[in-house]
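Student: I should like to examine the structural terms used for this model, setting each value against its definition. May we begin once it is displayed?

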Amino acid sequence: MYETENEIPQKHRAELNALMNQRLADAVDLQLQMKQAHWNVKGPHFIGLHELFDKIDEAVESYVDLIAERIVQLGGIAEGTVRVSAARSRLEEYPLAIADGAAHVEAVSRALSTFGHEARETIEQADELDDADTADIFTEISRGVDKWLWFVEAHSQATK
C-alpha cells in the first residue's frame with residue numbers, strides 16, 4: 001500500500017484493497033465474457049444480441065475503470081491483468097462452444113447475475129469498513145448490472 005492523506009484508516013484501506021481487487025478480477029472476467037458472447041452469437045436475433053452484448057461490454061469496461069481507480073485512490077495497487085483475473089474470478093467459466101442466441105442469453109444472464117450479487121455484497125462490506133464512497137461506486141455498478149440483466153433476460157422471458 002502507498003502512503004496517502006486519505007482519512008480512511010490504513011487497516012480498512014488494506015481490506016478494501018483486497019475486496020476491490022477481487023471485484024476487479026470478476027469485472028475483467030465479465031467484460032471478456034461479454035466480448036465472447038458478442039463475437040460468437042448466431043441465430044435469428046443475431047444483430048440485436050450482438051449489439052447488446054457490445055454495449056454491456058462497454059459498460060463493464062467503465063466499471064473496471066471505476067474499481068481500479070478507487071483501489072489506487074486508497075493507496076492500493078490495481079491488480080487487473082488477465083492472468084490475475086482468471087485465477088481469482090468467481091464467475092463461472094463462459095461456455096466456449098455455444099453459438100445460439102438463447103444459449104448466450106442464458107450464459108450472459110448467469111454472469112451478470114453473479115457479478116451483481118458480488119457487487120451488492122461489496123456494498124455491505126464497504127459500509128462495514130466505513131467507506132461510503134466505495135459503497136456508492138458499487139451501488140452505481142449494481143444498478144447498471146441490474147439494468148443490463150433486465151435487457152438480456154427480456155430476450156428469454158417473452159417465450160414463457
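Tutor: Let us start with Arg-90, whose relative accessibility is 48%, a value that counts as partly exposed. The structure is a predicted model: local features need pLDDT of at least 70 and side-chain atom pairs count only at pLDDT 80 or more, whereas totals for chains, interfaces and linings use all residues. Residues are numbered from 1 along each chain as its sequence is written, and side-chain values use heavy atoms, with hydrogens and water left out.

Student: Why is Arg-90 called partly exposed?

Tutor: Buried means under 20% relative accessible area, exposed means over 50%, and partly exposed is the range in between (1.4 Å probe, protein chains only). The 48% of Arg-90 falls in that middle range, so the residue is partly exposed.

Student: What makes the contact of Glu-118 and Arg-90 a salt bridge?

Tutor: The term requires a side-chain nitrogen of Lys or Arg within 4 Å of a carboxyl oxygen of Asp or Glu. For Glu-118 and Arg-90 the N to O distance is 3.4 Å, so the criterion is met. This pair links distant parts of the chain, 28 residues apart: Glu-118 is in helix H4 (residues 101–128), and Arg-90 is in the loop between helix H3 (82–88) and H4. Glu-118 has a relative accessible area of 13% and is therefore buried. Both residues also belong to a network of salt bridges that links Arg-23, Asp-26, Arg-90 and Glu-118.

Student: How many salt bridges does a search of the whole structure find?

Tutor: The search finds 12. One of them joins Asp-133 to Arg-70, with the closest N and O atoms 3.9 Å apart. Asp-133 lies in helix H5 and Arg-70 in helix H2 (residues 46–73), so this salt bridge ties together parts that are 63 residues apart in sequence. Arg-70 is buried, at 5% relative accessibility. Arg-88 and Glu-79 form another salt bridge, at 2.6 Å from N to O. Here Arg-88 has a relative accessible area of 34% and is partly exposed, as is Glu-79 at 29%.

Student: Why is the aromatic pair of Trp-148 and Phe-151 called edge-to-face?

Tutor: Rings of Phe, Tyr and Trp (its six-membered ring) pair if their centres lie within 6.5 Å; planes under 30 degrees apart count as stacked, over 60 as edge-to-face and the rest as tilted. Trp-148 and Phe-151 have a centre to centre distance of 5.4 Å and 85 degrees between the planes, so they pair and are edge-to-face. The two residues are three apart in helix H5 (residues 132–157), which means a separation of about one helical turn. Trp-148 is buried at 10% relative accessibility, while Phe-151 is partly exposed at 31%.

Student: Which name, stacked or tilted, applies to the rings of Trp-150 and Phe-151?

Tutor: The centres are 5.1 Å apart and the planes stand at 55 degrees, so the pair of Trp-150 and Phe-151 is tilted. Trp-150 is exposed, since its relative accessibility is 56%. Trp-148, Trp-150 and Phe-151 form one aromatic cluster.

Student: How do you know that Lys-147 lies over the face of Trp-148?

Tutor: A charge sits over a ring if NZ of Lys or CZ of Arg is within 6 Å of the ring centre and within 35 degrees of the ring normal. Lys-147 is 4.4 Å from the ring centre of Trp-148, which satisfies the distance limit, and it is assigned to the face of that ring.

Student: How many helices and strands are there in the protein chain?

Tutor: There are five helices and zero strands. Helices (H or I, at least four residues) and strands (E, at least two) are DSSP runs, numbered from the N terminus.

Student: What is the radius of gyration of the protein chain, and what would a compact globule have?

Tutor: The radius is taken over C-alpha atoms, and the globule rule is 2.2 Å times the number of residues to the power 0.38. With 160 residues, a compact globule would have a radius near 15 Å; the protein chain has 17 Å, which agrees. The C-alpha trace spans about 55 × 30 × 20 Å along its principal axes, and buried residues make up 46% of the 160 residues.
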